[in-house]
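Q: I have a structure open and would like to learn how to read its sheet, its core and its aromatic rings. Where do I begin?

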Amino acid sequence: KIIRRPEGGEDKMTQIIAILQARLGSTRLPGKSMAELNGKPLLWHVIQRLKKSKTINRIVVATTTNEADNKIAQFAKDEGVGYFQGSENDVLDRYYQAAKANGASKGDVIVRVTADCPLLDPEVVDNVVRKFVEANETDEKYDYVCNTQPPTYPDGLDTEVFSFSILERAWKEAKLQSEREHVTPYIWKQPDKFRIFNVTNDEGEDLSEMRWTVDEPQDLEFIRMIYKLLGEKGKTHSFTRKDVLEAIEQNKKVTEINKGFGRNEGYEKSVREDKKVG
């Protein structure tokens, strides 16, 4: 891990904190975070896969103050990961407050992955984290490193990395509804203000049309089928994106289950709301 030396203080280990936002009130697929997947809640699978990361020190679940989401907070507590309950609609505030409440401070690294991605690959997460860390140990230095601008990995392997200081700046400065309902648009929309680097698929192939996230009932059906196929090969809890690609190659019809949904539909809806207000 990285060492930072605060002025006037002792050497301190930098935290690399992954924060997952999760709630039960999704409009397209209510209750998806706790939907059953292979005998466990979907969120359990995301946390277990994230625990396999070699770079992350800490995992935090950022949920809402809605009474229904007490279930998510309790689940996080039972799983031994951090949690925070905050605003349902101002997700940027919830995210910032979750980081702050769980000990993040200037110089610490925040990793944003989403709680609806149970095919998350820890290796992909680590690749993006390492690029951020290694660049910031040199003169290269980036404010924001991701694999989504533009995406070349399947939707569901998205990873974004930035410092707590940059998160705090976005929290203070972002004004548009789309910038508050989503955590990072204020950053990645402004390459003139922020130093941005995009990590591309290390196999060199653009797989961004593949949909491995869970937003619709069909997505959950697709994910359950992938887990079933991998489980038959004895890879229920330890598989990589390459295992998933192999399963799809051998069972091509599985991609028809959730075909036709667009990427980032939630963000696009928020942008349309911006225009109405404007």
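A: The turns below take the sheet, then the core, then the rings. Keep in mind that this is a predicted model.

Q: How should I read the sheet, and in what order do its strands lie?
A: Strands of a sheet pair through backbone hydrogen bonds, either parallel or antiparallel. In this model 7 strands make an open sheet with mixed pairing, and the order is E7-E6-E3-E8-E10-E9-E11. Strand E7 (82-86) and strand E11 (196-198) are the edge strands, each paired on one side only. On average, neighbouring strands are turned by 20° against each other, direction ignored.

Q: Which strands run parallel, and which antiparallel?
A: E3 and E8 run parallel and are joined by 4 bridges. One partnership to look at is Ile19 with Arg112 in E8. E8 and E10 run antiparallel, also with 4 bridges between them; there, Val109 stands opposite Ser163 in E10. E9 and E10 are antiparallel as well, joined by 3 bridges, and Cys146 has Glu160 in E10 as its bridge partner.

Q: Which helices pack on this sheet?
A: Helix H2 (residues 70-78) touches strand E6 (58-64) and E7, and its direction makes about 165° with that of E7. H5 touches strand E8 (109-112) and E10, at about 90° to the direction of E10.

Q: Are the side chains of E8 buried or exposed?
A: Val109 and Val111 point one way from E8, Ile110 and Arg112 point the other way, and all are buried.

Q: How do I find the core, and which residues touch the most other members?
A: In soluble globular proteins, nonpolar side chains tend to be buried together. Here the largest nonpolar core has 55 residues, of which Leu20, Leu50, Val61, Val111 and Leu119 touch the most other members. Among the elements that supply at least two residues each are strand E3 (16-21), helix H1 (42-50), helix H4 (122-136) and helix H9 (241-250). Leaving aside neighbours within four places in sequence, the contacts of Leu20 include Leu43, Ile47, Leu50, Val61 and Val113. A second, separate core has 25 residues, including Ile17, Leu92, Tyr144 and Ala174.

Q: How is a pair of aromatic rings described, and how many aromatic pairs are there?
A: A pair of aromatic rings is described by the distance of the centres and the angle of the planes. The count for this model is 6 aromatic pairs. One of them is Tyr96 with Phe164, a stacked pair with 5.5 Å centre to centre and 15° between the planes.

Q: Why does the pair of Tyr96 and Phe164 tie together parts that are apart in sequence?
A: Tyr96 belongs to helix H3 (residues 91-101) and Phe164 to helix H5 (residues 164-173), so the pair ties together parts 68 residues apart in sequence. Tyr96 is buried at a relative accessible area of 1%, and Phe164 is buried at 5%. A second stacked pair is Tyr144 with Phe162, at 6.3 Å centre to centre and 20° between the planes. That pair links strand E9 (residues 144-146) to strand E10 (residues 160-163), 18 residues apart. Tyr144 is buried, with 0% relative accessibility, and Phe162 is buried at 0% too.

Q: Which residues form an aromatic cluster?
A: Tyr96, Phe164 and Trp171 form one aromatic cluster.

Q: Where does a charged end sit over a ring?
A: The charged end of Lys40 sits over the ring of Trp44, 5.1 Å from its centre. Arg49 has its charged end over the ring of Phe239, 4.0 Å from the centre.

Terms used: Residues numbered from 1 in each chain as written. Predicted model: local features only at pLDDT ≥ 70, side-chain atom pairs only at ≥ 80, totals over all residues. Heavy atoms only, no water. Phe/Tyr/Trp six-rings, centres within 6.5 Å; stacked < 30°, edge-to-face > 60°. Buried < 20%, exposed > 50% of the residue type's maximum accessible area, 1.4 Å probe, protein only. Lys NZ or Arg CZ within 6 Å of the ring centre and 35° of its normal. Pairing = 2+ DSSP bridges. Axes fitted to C-alpha atoms, helices over the stretch in contact; angles between N-to-C directions. Contact = heavy atoms within 4.5 Å. Core = buried A, V, L, I, M, F, W, Y, C linked by side-chain atoms within 4.5 Å.
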